[in-house]
Amino acid sequence: MASRCSASDAGSMVMGVAEGELNQLEEIILSKIQQRTPSRMSEDTYIVKAFKYHDLGETGWVDFNKFKRAFSPFTPGILDQDVRLIFDRYAPDGGLNYKQFAIEFVRGIRRRPGADMPLGSEAGSQQPQQQAWEGPEECLMRMKGFLNSQGPRAIIALASSFREVDPENSRIVDQESFHHVLAEHFSMESSCPVQDVQVSQIFQLFQQPFSPGQIAYDEFLQSLKDEPLNPERRASVRAAFRRLDTNSEGLVDLNRMIKAYNPTRHPQVSDGTRQPDEVLEEFVETIKDSVAFRRGQRCYPSSLVAWEEFEDYYKFVSGAFESDAIFCTVLQRVWDLDKAPDQSIETRAALARPAAGIPAKSRAGLHHWQSNTLPANKTHLTVDHSQNLMEVIERARKFIASKGLRHAVDVVKNFYAADDDVDDFLDVYEFRRACQQSGITLREQEETACFEKCGDGMPSGQNRGFAKIHLQRFLRLLHGPVIPQRLSLIEAAFRSLGGDPSNEGSSINPSMLKQNFAAEGHPLVVKGELDAGFVLGEFLDTFSLLAHILGGCQNGAVAFSDFLAYYDLVSSTIDSDALFDLLMHRLWPIGEQLGSAASSAELEQQGQQQPGGGMPVSPSKRWATPAVEAPENPIARQRPPTHDGPGAYGRNPVSEAQDQGHPDAHRRFAAPRVGSTTSVGFSPITRSQIVFNDTESGELGAVIQRLRASLARRGLKGWRLLGERFAQHDHRRNGTVMRLDWQRLHRSLGLGLSPEEQELIFKGFSKSRRDGAMDYGECMRHLRGPLDERRHALVGRLFEELVEGGCVPAEKLKACYDVKNSPQCLVGMKDMRSEMQEFCEAVDYFSAPAGGRLSAEGFADFFTMVSSIYREEDEFKLMTTSAFGLRSGGMSTMGGC
């Protein structure tokens, strides 16, 4: 049936001529409901079940949107305006009690003549009529929900009212007194009114056959409180009473109970919604009224509270807590259940005491005594032992670092979670619990030292539990300071993401972190021990979790303080400055967006600026591309890039000038001119940059590069063995080897070249000799290859630091080599012992011809071989700086070396 009125005309429609059409719509809907209702279910129950599916909060009330969704299976073809008219007919105030609606809709009460109330009337005038259709059980559930929503005071006040109308403490009341109490707490002006008819129905429900006209109000109150408590809640109540009943007597003094109640740890006090005094006052009043109600007016006054009375109090107030988790959390905090003495923590004090207080002695023979037989370890200390706090913190820091970055974030989370009252201070029990959860073990003296350093001191004796330690101060001590070198790297990383560390208001989008984090460059990913996705996930998880714990990333943006806080934690887990430098350069685009000016300043500081004011070396490219970074789309280019080099159809002006003096230069396979130092820029035939006769770019150059890579994989040992084998097969001692010797050498070292490649190398380095022997010195020079300008500057700077009398002594080079900072040891690819042995043997061999000294040329040749091993710029930079005690900025830290 089409609607001819809008929702605004609902009043006139219902009260006027269209009332019959609305009744006809309801009859159509009711017939569809009857068709769908199962045989063993009534229509009103079926309607209530349909509404409960959409009432997720189980409030018993729905709005128009939920009403329309619940009735949609029964209203096909009916316009929304007509459905709205039906809703307004039963719920003019916008809220529909669907249980009452189901009864009225099925019985047709509103469809009777004169049964409708004017739309737009006040809800209070219609609410009693709606509630008149409730049964006594439903009315009790509504009363219980109302009392629970009002907090502990409401139901305790109701119980106190029954106590006042029962001066004889008979625990029964008549109907008049019962009506008076309910009218006082559930008046018609309250949000939960109860009518006289409903009061009578409830009274009849609890009336006993043997006592007509009276009810036991304890049974009535029992229906309004949680009886019995579920096991989880009862366990928390039992633990709280055991905490108070230290003598196991079953009785606790009320004054002692009030003194032990800790309102400052109440969750509502922690989040700032209530004050501690308000919470304490509520508890004191309700516990006294609850005990007084249970005892009655004629009981003997006593301040002792029994276990049954304590449990009954929490049965009354249990309904005020929505879930078991909230109830148990409140009890755990206000009664300090999590601060109860723990034997696993307290026994550390006994273990850490000095053994007997004096040096122990025992009989070792027949005529002498042996002293100091007890071991000096963590549990047995001498009397004169003094506690070094920094050693304790360093031990804890190493333990956290061994567990990984996620555990380091969990440690911060544990300490912040222990501060449940959010006052930035931890007492002894909170501190011990956080240490236990984090796996940090501290002896009594060490704990005292921490409290003296980071708190208000450590009281002695029975007052030890009242000591406080400052949370942030202890965490700063645990993480340690960030040295200027690491701080500059953190600032450079944040600057490369588009932020300004010097500006407090500068921030970056969190998506920039994910887009620029190159997990593929992590040393463990390169080594193959970790997956790049795992490293990226660990970074995102730990960064977001730490920001959530510390309350950072305000307004969804990452400030420098958030970035610094995270890498302050990361820095505490990395002991080596070289490894921290390696990680920052590989994971973040440091130096990628510094520009030519910054690059020039850096190179000039490191001695990399070319003499004579030449062009600075361009900044190094990024080690790896982030996994989430999208590759450049070539289709997006509007035009092809410009080409300035020589091509197949263009001529180089320099080449044209050379061709005028040498007319044979255009011929194929033209021989190079003798004595010419100008390298060929392009092929004479194709005019391209592919040069057929060049050693580095031709077929011979490809074989040399393959052989160089094979030697680099073996490290300095491979280069040393190649030099030794060349010298062993040089029978004429003139720096050459014959073809058969070269083949034997190749087989003994297993260089992996094919016979054709062996022959190509032999011919390439023997064509200039008349005796047909291969010049292995020239071969070694081509295998080492050249050093680029950046690496040459780093080698020159290291030579200037180590030079003595124009040369670098081999012993000094070996003494200054800090093997733990070498790239191979930092990433765990080699152990320090084998790496140090390999380096020393290589230095001894290559410095032996000059008497154990390396000249500038020999020093450069040696580090050219090192350069072939470390192909990445950051690794070679570490090998020439941190591995020898030099910093990236140019400051030497070698000291007496």
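Two strands count as paired if DSSP finds at least two bridges between them. Strands (E, at least two residues) and helices (H or I, at least four) are DSSP runs, numbered from the N terminus.

This is a predicted model: local features need pLDDT of at least 70, side-chain atom pairs count only at pLDDT 80 or more, and totals for chains, interfaces and linings use all residues. Residues are numbered from 1 along each chain as its sequence is written, and side-chain values use heavy atoms, with hydrogens and water left out.

**Strands.** Select β5, residues 211-216. Add β3, residues 172-174: the two pair in the antiparallel sense over three bridges. I172 stands opposite A216. Now add β4, residues 207-208, which pairs with β5 over two bridges, also antiparallel. Here Q207 faces I215. A hairpin of two residues joins β4 to β5.

**Rings.** Aromatic pairs have ring centres (Phe, Tyr, or the six-membered ring of Trp) within 6.5 Å; planes under 30 degrees apart are stacked, over 60 edge-to-face, the rest tilted. The structure holds 63 such pairs. Select F64 and F87: an edge-to-face pair, 5.6 Å centre to centre, with 65 degrees between the planes. F64 lies in helix α4 (64-71) and F87 in helix α5 (80-90), so the pair ties together parts 23 residues apart in sequence. F64 is buried (under 20% relative accessible area, 1.4 Å probe, protein chains only), at 13%. F87 is buried too, at 1%. Widen the selection to their aromatic cluster, which includes Y46, F51 and F105.

**Charges over rings.** The criterion is NZ of Lys or CZ of Arg within 6 Å of the ring centre and within 35 degrees of the ring normal. Select R238: its charged end sits over the W307 ring, 4.5 Å from the centre. Finish at R486, over the ring of F580 at 4.9 Å.

Technical notes:
Buried means under 20% relative accessible area, exposed over 50%, partly exposed in between (1.4 Å probe, protein chains only).
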